[in-house]
Amino acid sequence: MKKQASNSSRLFFIEFLIVLFFFLIIGTVCLRVFAAAYSVTRDANALANAQSTAASIAEVLEAGENIEKYFPEAMLISESETLVSGEDDSQTAIYEITYNSEFQESDANNAFYTLNLAVTAEDHNQTAQITVVDRTGETLYELSVTYHLSLTREEALT
């Protein structure tokens, strides 16, 4: 009688180990799937935020508004004029806006994402190159916009 009880407890223990091993494997696979899903979601959110911010800046520029009015966190990095035969031919302004990991404005020390904006104005035609990069320097989104600013009444009369 003792032999039979010993054999059944061994079989139960082996079956328990097999079930435990099965759940460990399934748990590991599920953990990897959830980690990959989180990574994809984080990247998709960053891309959506980058696209939305770049489109907002493009709309402000196309409306002929000052960028600092709607984006006070924009830092003017440089501003230059190119002279051709003694006349002002084009002007270029470069702005930078830094964001934290939640895509909210932050200072340059805590920057996770950086939006670079280069606006080139030539007569009434303007071109804006908007680039959003992450802290590793990888480009998330690029937008190039060319638009025409209408003449003022004084310019039209001259």
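User: How many Å² does the protein expose, and what share of it do carbon and sulfur atoms supply?

Analyst: In this predicted model, the exposed area of the protein comes to about 11500 Å², of which carbon and sulfur atoms supply 56%. Burial can be read beside that total: of the 158 residues, 22% count as buried.

User: What radius of gyration does the protein have, and what would a compact globule of 158 residues have?

Analyst: The general idea is to set the computed value beside that of a globule with the stated number of residues, which for 158 residues would be near 15 Å, whereas the protein has 29 Å. The spans along the principal axes add to this picture, since the C-alpha trace extends over about 115 × 30 × 25 Å.

User: Which pattern does the protein follow along the sequence?

Analyst: Three helices and five strands make up its secondary structure, and they follow the order α-α-β-β-β-β-β-α. Strand β4 covers residues 125–134 and includes asparagine 125.

User: Why does asparagine 125 count as partly exposed?

Analyst: The class depends on relative accessibility, with buried meaning under 20% and exposed over 50%; asparagine 125 counts as partly exposed because its value is 44%.

User: Which residues is asparagine 125 in contact with, once neighbours within four places in sequence are left aside?

Analyst: Those residues are Thr120, Tyr147 and His148, and with histidine 148 there is also a polar contact between the two side chains, at 3.0 Å. Serine 150 lies 25 residues from asparagine 125 along the chain, with a C-alpha separation of 9.1 Å.

Technical notes. Residues are numbered from 1 along each chain as its sequence is written. This is a predicted model: local features need pLDDT of at least 70, side-chain atom pairs count only at pLDDT 80 or more; totals for chains, interfaces and linings use all residues. Side-chain values use heavy atoms; hydrogens and water are left out. Helices (H or I, at least four residues) and strands (E, at least two) are DSSP runs, numbered from the N terminus. Buried means under 20% relative accessible area, exposed over 50%, partly exposed in between (1.4 Å probe, protein chains only). Contact means heavy atoms within 4.5 Å. A polar contact is a pair of N or O atoms within 3.5 Å; within protein, one must be able to donate a hydrogen and the other to accept it, and residues adjacent in sequence count only if both atoms are side-chain atoms. The radius of gyration is taken over C-alpha atoms; the globule rule is 2.2 Å times the number of residues to the power 0.38. Accessible areas come from the Shrake-Rupley method with a 1.4 Å probe; for residues, only the protein chains shown count as cover.
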